[in-house]
Amino acid sequence: MAWKGTHLSHKMLPIVKKVSGFYNAYVLGVLTVGYILGELGHYLIGVTSKQTAIELDYGDKACQQNNTRFTRHELPKQCSLVKEEDSCLALTYNETAYCEWNYNGLGIDYQILAGPTFILVFTIAGVFMGFAADKYNRVKMLTVCTLIFAVAIILQGTVEAYWQLLLLRMVMALGESGCNPLATGIMSDIFPENKRALVMAIFNWGIYGGYGIAFPVGRYITKSNFFNLGWRMCYLGTGVLAVLLAALTGTTLKEPERKAIGEGDRTKDGKKIGLWKVLANPAMIMLMIAASIRHSGGMTFAYNADLYYNTYFPDVDLGWWLFAVTIGIGSVGVVVGGVVSDKIVAKMGIRSRALVLAVSQLIATLPAFGSVYYDPLWAMITLGCSYFFAEMWFGIVFAIVVEIVPLQVRSSTIGVFLFVMNNVGGNLPILLDPVAKMIGFREAFMIFYAGFYGISSVLFLITCFLLEGKPKDNDSTTAVGEEKIDGLEAHTRQMRGHDNSVFSVDEVLPHNGRPAVIPQHLQLSSNGQDKYTPVTRESSRL
């Protein structure tokens with residue numbers, strides 16, 4: 001019997017190894033889907049705002065086309081051009097009224113609901129989540145955070161007043177604030193450096209996946225009016241799925257071992273590098289500014305795209321077009337950006353990631369203007385072209401952040417970075433409303449969306465020159481005492497980046513000619529000391 005048990009275990013071992021080989025991909029999938037559901041709840045308000053405003057009485061009223069039997073080209077006058085209620089209701093075509101005066105989902109109430117209210121809590125809580133992620137169990141924290149935003153999304157489907165929706169979006173922001181810093185820390189510990197930008201890009205694509213899915217969910221589930229719930233069903237369904245994801249996160253994911261902190265996390269005199277010294281670096285500051293402006297352009301589109309196309313093309317249903325562009329083309333751009341960034345960083349150093357950002361956003365700018373300027377067909381074509389290049393940015397930005405900061409402050413740095421980026425990028429779109437009232441909605445939308453793409457391209461290019469190129473071969477073997485640069489700069493490798501991977505032996509195995517990697521049991525512990533066998537600097541590469 002003992003022999004049979006041993007024989008069975010030997011047969012099961014290859015199966016277990018094969019299944020465990022997919023664990024990292026499974027973790028990435030769970031984290032990404034959870035992020036998508038959180039962002040879906042975040043951006044649903046941009047698609048359901050008109051119906052929500054009509055029920056809850058908030059925002060601006062405007063003249064809108066309410067008869068889909070007529071196309072815009074048939075009508076004697078466009079509803080959106082009329083600014084008075086009496087003139088709006090008097091418009092007729094073939095003795096049929098085709099306009100209504102009602103809430104349009106826009107206005108300062110909507111902009112506050114969509115942006116600042118959410119961002120205020122999201123960014124402040126995100127900083128604390130980042131610090132906590134460096135000290136406590138990230139999987140347990142992520143499970144609680146997912147459950148919090150899931151319940152908040154469900155309750156949003158039950159509100160009866162504007163202030164209730166406002167409060168619940170703040171609670172949702174509290175839960176979602178932990179997703180990025182916690183998940184980023186987990187992924188950085190289980191994926192190798194050569195896959196970092198691609199993995200970060202796939203995960204952070206959850207933002208765009210969330211608002212891409214929001215277009216068909218917000219439009220068509222609302223129209224279907226399941227159980228006579230209208231727009232409320234969108235929130236109830238999303239929240240229930242998020243609860244299931246929270247259960248999956250807590251029961252199937254395990255906390256990974258944090259990778260060793262090498263000598264690069266300390267100054268020459270042995271002191272640890274502080275968070276604020278990392279944040280005060282010119283390259284980090286410029287990267288924050290560039291990312292904030294680019295984020296503002298993305299938020300402007302996310303919060304206002306459906307309302308914009310419904311306002312100017314009320315007779316054309318663009319819900320599935322917007323979904324296809326954001327999910328289909330956007331996802332391809334995310335993957336391509338990550339792969340390109342990972343490939344050329346080996347040749348040019350971290351600087352190449354910033355260069356990819358600058359070039360991609362520059363290429364995306366002109367077609368972004370076209371997506372606002374043209375009629376529906378060419379608007380969607382140019383939007384697709386823009387999206388392919390525009391969506392390369394998010395994952396690459398966080399790949400840079402992960403590579404240029406010490407491991408000991410990685411999650412807390414990401415928390416602060418998100419705080420700055422979201423406060424600037426998430427709150428700037430509130431200016432769209434007063435600017436739109438002065439120069440028109442289309443013109444203001446064009447400036448805050450496409451114009452900010454172009455500005456971010458220039459800022460990313462400036463960041464590129466603040467980062468160093470590929471280090472020389474002897475840089476990694478230079479003794480700490482021989483380095484000529486003191487303080488933070490010496491130990492951020494002149495912003496060439498930290499080797500945030502475990503040690504690898506410089507010896508070559510005779511049978512395959514590949515470098516040997518120190519097994520898990522020989523890696524450094526969290527205090528920087530070898531757990532078992534000493535590893536000298538001469539026999540390791542940082």
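Does E95 count as buried or exposed, and at what relative accessibility? Let's find out, and then go on to some helices.

## Two residues with positive phi

E95 counts as exposed, because its relative accessibility is 80% and the cut-off for exposed is over 50%. Keep in mind that what you have in front of you is a predicted model. To find E95, go to the loop that runs between β2 (92-93) and β3 (96-97). Its backbone deserves a look too: E95 has a positive phi of about 65 degrees, although it is not a glycine.

N225 is another residue to check. Here phi is positive as well, at about 55 degrees, and N225 is not a glycine either. You'll find N225 in the loop between α10 (206-224) and α11 (232-252). With a relative accessible area of 32%, N225 is partly exposed, because that value falls between the 20% limit for buried and the 50% limit for exposed.

## Helix α13 from end to end

Now trace helix α13, which covers residues 282-312. How far apart should its ends be? Its 31 residues, at 1.5 Å a residue, should span 45 Å, and the end C-alpha atoms sit 43 Å apart, so the two values agree. Still, α13 has a kink of about 55 degrees, centred on N304.

At the N-terminal end of α13, N281 acts as a cap. One of the side-chain oxygens of N281 lies 3.0 Å from the backbone nitrogen of A283. As for its surroundings, α13 is mostly covered, with 25 of its 31 residues buried.

## How the helices pack

A quick bit of background: two packed helices are described by the angle between their axes and by the distance between those axes. Try that on α13 and helix α20 (residues 441-466): their axes come within 8 Å and cross at roughly 160 degrees. That makes α13 roughly antiparallel to α20, because angles over 145 degrees count that way. The crossing of α13 past α20 is left-handed.

Next, have a go with helix α6 (residues 138-156) and α11. What angle do they pack at, and how far apart are their axes? The angle is about 165 degrees, and the axes are 8 Å apart. So α6 and α11 are roughly antiparallel to each other. When you look at how α6 passes α11, the crossing is left-handed.

Definitions and conventions:
Residues numbered from 1 in each chain as written. Predicted model: local features only at pLDDT ≥ 70, side-chain atom pairs only at ≥ 80, totals over all residues. Heavy atoms only, no water. Helix = DSSP H or I, 4+ residues; strand = E, 2+ residues; numbered from the N terminus. Expected span 1.5 Å × (residues − 1). Bend = angle between axes of the 7 residues up to and from the residue. Buried < 20%, exposed > 50% of the residue type's maximum accessible area, 1.4 Å probe, protein only. Polar contact = N/O pair within 3.5 Å; in protein donor to acceptor, adjacent residues only side chain to side chain. Axes fitted to C-alpha atoms, helices over the stretch in contact; angles between N-to-C directions. Parallel < 35°, antiparallel > 145°, perpendicular 65-115°, else oblique. Left-handed = near helix turned anticlockwise from the far one by under 90°.
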